[in-house]
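Please take a moment with the sequence and the model shown below before reading on. The paragraphs that follow lead through a few places in turn.

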Amino acid sequence: MSKTVKNLIIANVSVFLLSSIWQEFPIGLLAMVPRLVFSKLMIWQLVTYMFVHLDLWHLVMNMLMLWFFGPAIEAAWGQKRFLIYYFFTGIGAALCSVIFSFNSPIIGASGAIFGILVAYAMLYPDNMILFFFFVPMKMKHAVFVLAGINLLGAISASGSGIAYIAHLGGGLFGYLYLKNETLRHRLLSLDFEKIKSWFNKPSAKPTKSTKPNKPKTFDERVDEILDKISKKGMASLTKEEIDILDRRSRS
């Protein structure tokens, strides 16, 4: 088992155990309640809901899927890209639920897990698995069947308590990520330290400097190249710019 997958499983199991033994556990703050995300600006719920499971079977199934399919994807992509994809699909699943199921709270990692299944199916489409643990099936076919089941559930099983929309949303955002090269590069080029600094900006305006402009950093060059792609397309890139993006994708 890869380190990242192991840590995600530990985090999910820990939250489940805490919620089971501690009656005052703040589930209401961690679960994703669409109206609270907007009315109370509880934006963190778009992430924290993925770690909340109230049903043991729900937890076990999600963690088994993560354990079965996650390590191969992380080995192919690396830790950073795997984590970005996991949370991107999980947040995407939450946003789809906000749009289509505004009054329905959701919990669990199922949206992100469906994203993981989509990624595995696109990386290893012909790998054979035991669908529902006993039916041999190629991975690409299994994902289509699961998507169909969830689509039928979303249409016909209103009020069932199963977040079919979240499952489909996680798979949809995973597919968009894998098919959109510009989106992938933009997410991979995110500078989390820079984002963090946005919340710690000094209130005083900086004084003008007479020093010459500093050479552009690697991340700034990546941002410029991505902007160029969005305006002129991949064909406009020079060999140097393509090499820079290739270095970023491997980081």
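With which residue does Lys140 form a salt bridge? The partner is Asp126, and the closest N and O atoms of the two side chains are 3.1 Å apart. Lys140 belongs to helix H8, which covers residues 139-156, while Asp126 sits in the loop between H7 and E1, so this pair ties together parts of the chain that are 14 residues apart in sequence. It should be kept in mind throughout that this is a predicted model.

A search of the whole structure finds two salt bridges, and Asp126 also meets the side chain of Lys138 in a salt bridge, at 3.7 Å from N to O. Here, too, distant parts of the chain are linked, since Lys138 is in strand E2 (residues 135-138) and Asp126 is in the loop between H7 and strand E1 (128-131), 12 residues away. Because these salt bridges share a partner, Asp126, Lys138 and Lys140 are joined into one network. As for their surroundings, Asp126 is partly exposed at 44% relative accessibility, Lys138 is partly exposed with a relative accessible area of 31%, and Lys140 is likewise counted as partly exposed, at 30%.

From this loop one can step back into helix H7, which spans residues 110-123 and packs with helix H5, residues 56-77, at an angle of about 40°, the two axes lying 9 Å apart. Angles from 35 to 65 degrees count as oblique, and H5 and H7 are therefore oblique to each other. The crossing in which H5 passes H7 is left-handed. On the side of H5, the residues that take part in the contact are His58, Asn62, Met65, Leu66, Phe69, Gly70, Ala72, Ile73 and Trp77, and they meet Ser110, Ile113, Ile116, Leu117, Ala119, Tyr120 and Leu123 of H7. Sorted by kind, the residues of this contact comprise 12 nonpolar and four polar ones, with no charged residue among them.

Is Leu117, one of the residues of H7, buried or exposed? Leu117 is buried, because its relative accessible area is 8%, and buried means under 20%. Leaving aside neighbours within four places in sequence, Leu117 is in contact with Phe69, Met139, Val143 and Leu146. Leu117 and Phe69 are 48 residues apart in sequence, yet their C-alpha atoms are 7.0 Å apart in space.

Two further buried residues can be followed in the same manner. Asn12 is found in helix H1, residues 3-21, and counts as buried at 0% relative accessibility. Not counting residues up to four places away in sequence, Asn12 touches Met50, Phe51, His53, Leu59, Met63, Tyr86 and Ala109.

Tyr177, in turn, lies in helix H9, which runs over residues 164-179, and Tyr177 is buried, with a relative accessible area of 0%. Once residues up to four places away in sequence are set aside, Tyr177 touches Trp77, Arg81, Tyr85, Phe88, Leu183, Arg184, Leu187 and Leu188. Among these, Trp77 has already appeared as one of the residues of H5 that meet H7. Tyr177 and Gly115 are 62 residues apart in sequence and 9.7 Å apart in space, from C-alpha to C-alpha.

Technical notes:
Residues numbered from 1 in each chain as written. Predicted model: local features only at pLDDT ≥ 70, side-chain atom pairs only at ≥ 80, totals over all residues. Heavy atoms only, no water. Axes fitted to C-alpha atoms, helices over the stretch in contact; angles between N-to-C directions. Helix = DSSP H or I, 4+ residues; strand = E, 2+ residues; numbered from the N terminus. Parallel < 35°, antiparallel > 145°, perpendicular 65-115°, else oblique. Left-handed = near helix turned anticlockwise from the far one by under 90°. Contact = heavy atoms within 4.5 Å. Nonpolar A, V, L, I, M, F, W, Y, C, P; charged D, E, K, R; others polar. Buried < 20%, exposed > 50% of the residue type's maximum accessible area, 1.4 Å probe, protein only. Salt bridge = Lys/Arg side-chain N within 4 Å of Asp/Glu carboxyl O.
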